[in-house]
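Let's take a walk through this protein chain together. Have the sequence and the 3D view open, and follow along as we go from strands to a helix and then to the whole chain.

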Amino acid sequence: MTFANTLVLKRWQDLTLTEQTVVRQLGISEQQSEYAGTIDRALEHCQAGTDDDVAGLAVEIQAHIVGFLLLKRRSKNPDWASPTAATIAAMRIDQPRQGEGLGGAALQVLPSWVVQNWPEVRSLILSVDEDNAAGIRAYTKAGFQQHGARVQGRIGWEHHMSRAVASSQA
C-alpha cells in the first residue's frame with residue numbers, strides 16, 4: 001500500500017496538545033532509541049528556541065499520528081553538512097506501525113515540505129549507523145545515496161547519505 005498521497009507532515013508548533021501527547025507516546029525500540037535518541041530529546045530541540053532552523057514534523061496518515069522526524073538546517077546543522085542542506089536528525093515510526101512503508105512514504109513527502117517551507121535547501125542529508133541495516137535499506141529505497149567515507153559516530157561507524165531536493169519533485 002502506498003501512503004505518499006495521503007500522508008501529511010505537520011509542524012510540532014501546529015499540533016494540538018492532544019496530538020503532541022500522541023507524539024510523546026510513540027513507541028520505539030531500545031535499539032531505535034540508541035540509534036536516534038529518545039522522542040523527548042528530539043522534542044527538546046523543537047522547544048528550545050524560536051528560530052526557524054529546526055522543524056519537528058509529525059507524520060500523520062488518515063488523521064492518525066504514526067511518526068515523527070526532526071529536521072535541521074543552517075546554524076543547527078552538524079559541521080559536516082553543506083550550507084544548503086537540511087539534516088534529518090531523527091526519524092521514528094510508532095513501533096506497531098513499522099514495516100508498513102510509512103517511513104519511506106514520509107521520506108518521499110519530505111522534499112515537497114522542504115521546497116515549500118525552506119526553499120533555499122537543495123539537499124537532504126543524514127547519518128546512519130552502519131549496523132542499522134533496516135534504516136539504510138529504507139533511506140536507499142527513498143532515494144538517498146551514501147557519500148563520503150564512513151566515520152566514527154557516537155555509538156559506532158556511520159555513513160552519510162544524501163538526496164537532492166529538486167530532483168525529487170515531479
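## Strand S5 and its partners

Strand S4 (residues 85-93) and S5 run parallel, and three bridges join them. You can find one facing pair by looking for Ala85, which stands opposite Ser123 in S5. To get from S4 to S5, the chain passes through helix H4 (residues 102-117), and this β-α-β crossover is right-handed. Keep in mind that what you're looking at is a predicted model.

S5 also pairs with strand S7 (residues 157-164): here the two run antiparallel, with seven bridges between them. Try locating Ser127, whose bridge partner in S7 is His160.

So how many of the seven residues of strand S5 are buried? Six of them are, so S5 (residues 123-129) is largely enclosed by the rest of the structure.

## Helix H5 has two sides

Now move along to helix H5, which spans residues 133-141. Which of its residues are tucked away? Gly135, Ile136 and Tyr139 are buried. These three cover an arc of only 100 degrees around the axis, which means they sit on the same side of H5. Here's a handy bit of background: an α-helix has 3.6 residues a turn, so residues three or four places apart point the same way.

What about Arg137 and Lys141, are they buried or exposed? Both are exposed, and they lie on the other side of H5.

## The ends of H5

Take a look at where H5 begins. Asn132 caps the N-terminal end of the helix. A side-chain oxygen of Asn132 lies 2.8 Å from the backbone nitrogen of Gly135, and Gly135 is also one of the buried residues of H5.

At the other end, H5 is followed by Gly143. The phi of Gly143 is positive, near 100 degrees.

## Zooming out

Time to step back. The protein chain has five helices and seven strands. Starting at the N terminus, its elements come in the order β-α-α-α-β-β-β-α-β-α-β-β.

The chain has 170 residues, and 46% of them count as buried. Its accessible surface comes to about 8,900 Å², with 49% of that belonging to carbon and sulfur atoms. And if you take the contacts between residues at least 6 apart in sequence, 63% join residues at least 24 apart.

Key. Residues numbered from 1 in each chain as written. Predicted model: local features only at pLDDT ≥ 70, side-chain atom pairs only at ≥ 80, totals over all residues. Heavy atoms only, no water. Buried < 20%, exposed > 50% of the residue type's maximum accessible area, 1.4 Å probe, protein only. Helix = DSSP H or I, 4+ residues; strand = E, 2+ residues; numbered from the N terminus. Arc of directions from axis to C-beta. Polar contact = N/O pair within 3.5 Å; in protein donor to acceptor, adjacent residues only side chain to side chain. Pairing = 2+ DSSP bridges. Right-handed = clockwise from strand over helix to strand, strands pointing away. Contact = heavy atoms within 4.5 Å. Areas by Shrake-Rupley, 256 points an atom, 1.4 Å probe, with all protein chains shown as cover.
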